[in-house]
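Thanks, everyone. Today I would like to walk through one side chain and two helix packings, so please have the structure open as I speak.

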Amino acid sequence: MAYEALARKWRPKTFDEIVGQGHVTRALANAITSGKIHHAYLFSGTRGVGKTTFARILARALNCEKGPTPTPCLTCPSCVEVGAGTDVQEIDGASNTGIDDIRSLRENAAYAPSRLRYKVYIIDEVHMLSKQAFNGLLKTLEEPPPHVVFILATTEPNRIPDTILSRVQRFDFRMLTDAEVRGRLSEMARAEGISAEEDALALMARYAFGSMRDGQSLFEQAAVSGGGSVTAALVEGMLGLVGVEAAIDLVSAAVLDGAGPALTRFASLLSRGADLKFLFLSLIDVLRDAAVLSFTGREALLFRHSPASLDRMRDLTARRAREEWMLLLDIAFRSERDVLATEFPHLGFELLLLRLANAQGLLPVEALDLSADLSADLSAEAARAAKAEAAGAAKAEKVEQKTSAAAPAATFTRKPSSPPAGKTSDLSADLSADLSAEAAGAAKADAGLWDAVRRILEGKKKTVLLGLLYQMRGEVREGEFVIVCDHEMMLDRLKEKDKWEPLLAALEEAAGRAVPVRLSVSTEKKSPEPDGVAPEDAGLERKALEEPVVLEILRSFEGSMLVKVQPAPPVEVPRNAAAADEDAGEPDPVATEEGE
Ligand SMILES: [Zn+2]
């Protein structure tokens with residue numbers, strides 16, 4: 001096909017055509033002009049940013065009959081010879097890693113060039129050389145023949161021995177920006193008479209991930225399959241083979257089904273030729289979209305989706321709380337190095353999937369509520385004691401009630417209610433086993449009736465309703481099922497017929513009988529009772545997230561997250577006394593904001 005050689009055709013032939021590496025271009029052009037040519041250069045940088053291309057141009061610049069010149073003529077016999085003859089050799093460090101290869105290179109280098117001014121050895125992926133091979137190379141670099149120039153290229157400069165580094169002039173190539181890649185692709189499209197949509201160019205540039213080579217190969221592929229017309233839909237389809245849909249599959253498996261299914265799916269994607277980098281990027285996109293959707297509910301803010309993938313996103317998003325999506329996105333984002341900057345990307349990817357799958361297990365720990373602990377109104381001991389006491393009480397009361405063990409709802413969180421009226425239904429068992437206090441954590445409550453209700457609704461795909469419920473807590477209080485939310489408006493929405501009826505039905509199904517429901521706006525804002533529930537306050541949360549201490553805690557404990565921000569109790573105390581209490585010398589901004 002006519003477009004197949006595009007990337008080759010558009011490979012830069014002069015320094016000026018190289019995109020994004022101006023610092024290297026200027027330095028080398030000056031060196032050539034002033035005759036200060038080094039005998040060994042090291043080009044480092046990620047793949048596809050132009051290191052080898054640059055090396056070839058440098059070989060011509062050194063050898064052009066009209067030079068050495070930064071602007072080789074490209075037509076003289078010497079310029080033509082570069083790339084065809086034996087005086088300029090490209091060696092792949094990955095497949096010529098042994099001492100014998102380097103020995104023959106050294107012997108060869110000792111001879112004067114046959115036709116050109118300089119013999120140029122371009123060793124790509126030089127970090128792959130064996131230790132012995134590096135030693136052999138070092139000897140040559142220590143006493144370089146005057147007519148030889150070495151250009152070493154590497155994606156991993158940290159794996160090159162210091163002895164070598166000290167004898168080369170090093171240039172670091174940087175990753176290209178989306179705009180740089182897009183600009184070049186746009187230029188190619190114009191010159192080649194290929195019509196390319198702006199969206200398509202932007203998409204390809206984004207997925208090139210800083211590599212011009214990848215961007216061009218995507219473009220070439222798209223131009224071929226589109227017959228000279230590159231649309232965004234086409235590019236999406238191309239990437240989509242291992243892109244969004246596959247990433248949704250993968251995220252669903254990891255988050256909903258667990259490690260086993262996720263790893264199996266990953267293996268099957270690989271066997272179908274999925275590109276790890278695209279897959280990783282797509283996975284980040286899916287998690288990002290899920291987080292954005294659960295926080296804002298606005299589909300307009302999502303990346304481009306097909307109607308089908310949008311449906312799946314809605315469905316997937318509703319299956320987890322927004323805090324969980326934030327956590328999952330955070331985990332994936334931090335795994336970038338493990339997947340992209342390693343020799344073992346498969347392993348890194350698998351590790352990421354395990355982390356995602358494991359994140360569910362981490363969540364109940366969050367519910368231990370660091371912020372509450374910090375304000376010290378609930379000690380861990382108190383919580384444990386309350387739990388043990390309640391468990392003991394539950395056991396004592398239910399010796400003859402054989403159903404008790406089966407009811408995970410025994411972990412329901414509320415202070416001990418008045419003794420139930422001796423009913424033996426599941427619900428009264430729940431009540432008798434009520435644990436003291438929020439210390440046990442909201443997530444514990446999820447283990448019981450509340451969780452069962454949500455699971456039933458998930459099964460019925462009540463997405464909107466579930467989205468609402470994720471902003472609320474469900475508790476059993478004195479025979480009633482109380483749904484608590486900080487926002488009255490949301491509770492009002494819950495009362496709408498299409499939500500209220502399915503909710504009652506699910507509750508009845510979960511509890512095994514009709515349960516009276518009460519809606520409650522949490523009002524504990526101004527009354528920090530020891531067992532009071534801290535109100536969730538977006539302003540406080542934002543403030544807390546600016547706190548170095550909070551950030552440090554979040555950073556130090558993998559998977560930790562801010563669940564609840566609660567103002568410190570001594571708000572009526574004069575500011576300096578409060579500050580002294582904190583023994584930090586500075587008033588705690590989280591507390592003082594609420595005090596105003
Ligand atoms: Zn020339």
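I will begin with a polar contact of 2.6 Å, which joins the side chains of Asp214 and Lys277, and I should say at once that this is a predicted model. Asp214 sits in helix H10, which covers residues 212-225, and because its relative accessibility is 13%, below the 20% cut-off, Asp214 counts as buried. Leaving aside residues up to four places away in sequence, Asp214 touches Arg47, Ala208 and Lys277.

Let me turn to the packing around that helix. Helix H9, residues 198-208, packs on H10 with the axes 8 Å apart and at an angle of about 140°, which makes H9 oblique to H10. The crossing of these two helices, H9 and H10, is right-handed. On the H9 side the contact is made by Leu201, Met204, Tyr207 and Ala208, and on the H10 side by Asp214, Gly215, Leu218, Phe219 and Ala222. Sorted by class, the contact of H9 with H10 has seven nonpolar residues, one polar and one charged.

The second packing involves helix H12, residues 244-257, and helix H14, residues 276-296, whose axes come within 8 Å and cross at roughly 70°; H12 and H14 are therefore roughly perpendicular to each other. H12 passes H14 in a right-handed crossing. H12 contributes Val244, Ala246, Ala247, Ile248, Leu250 and Val251 to the contact, while H14 contributes Leu279, Ser282, Leu283, Val286 and Leu287. By class, the contact of H12 with H14 has 10 nonpolar residues, one polar and no charged ones.

Key:
Residues numbered from 1 in each chain as written. Predicted model: local features only at pLDDT ≥ 70, side-chain atom pairs only at ≥ 80, totals over all residues. Heavy atoms only, no water. Helix = DSSP H or I, 4+ residues; strand = E, 2+ residues; numbered from the N terminus. Buried < 20%, exposed > 50% of the residue type's maximum accessible area, 1.4 Å probe, protein only. Polar contact = N/O pair within 3.5 Å; in protein donor to acceptor, adjacent residues only side chain to side chain. Contact = heavy atoms within 4.5 Å. Axes fitted to C-alpha atoms, helices over the stretch in contact; angles between N-to-C directions. Parallel < 35°, antiparallel > 145°, perpendicular 65-115°, else oblique. Left-handed = near helix turned anticlockwise from the far one by under 90°. Nonpolar A, V, L, I, M, F, W, Y, C, P; charged D, E, K, R; others polar.
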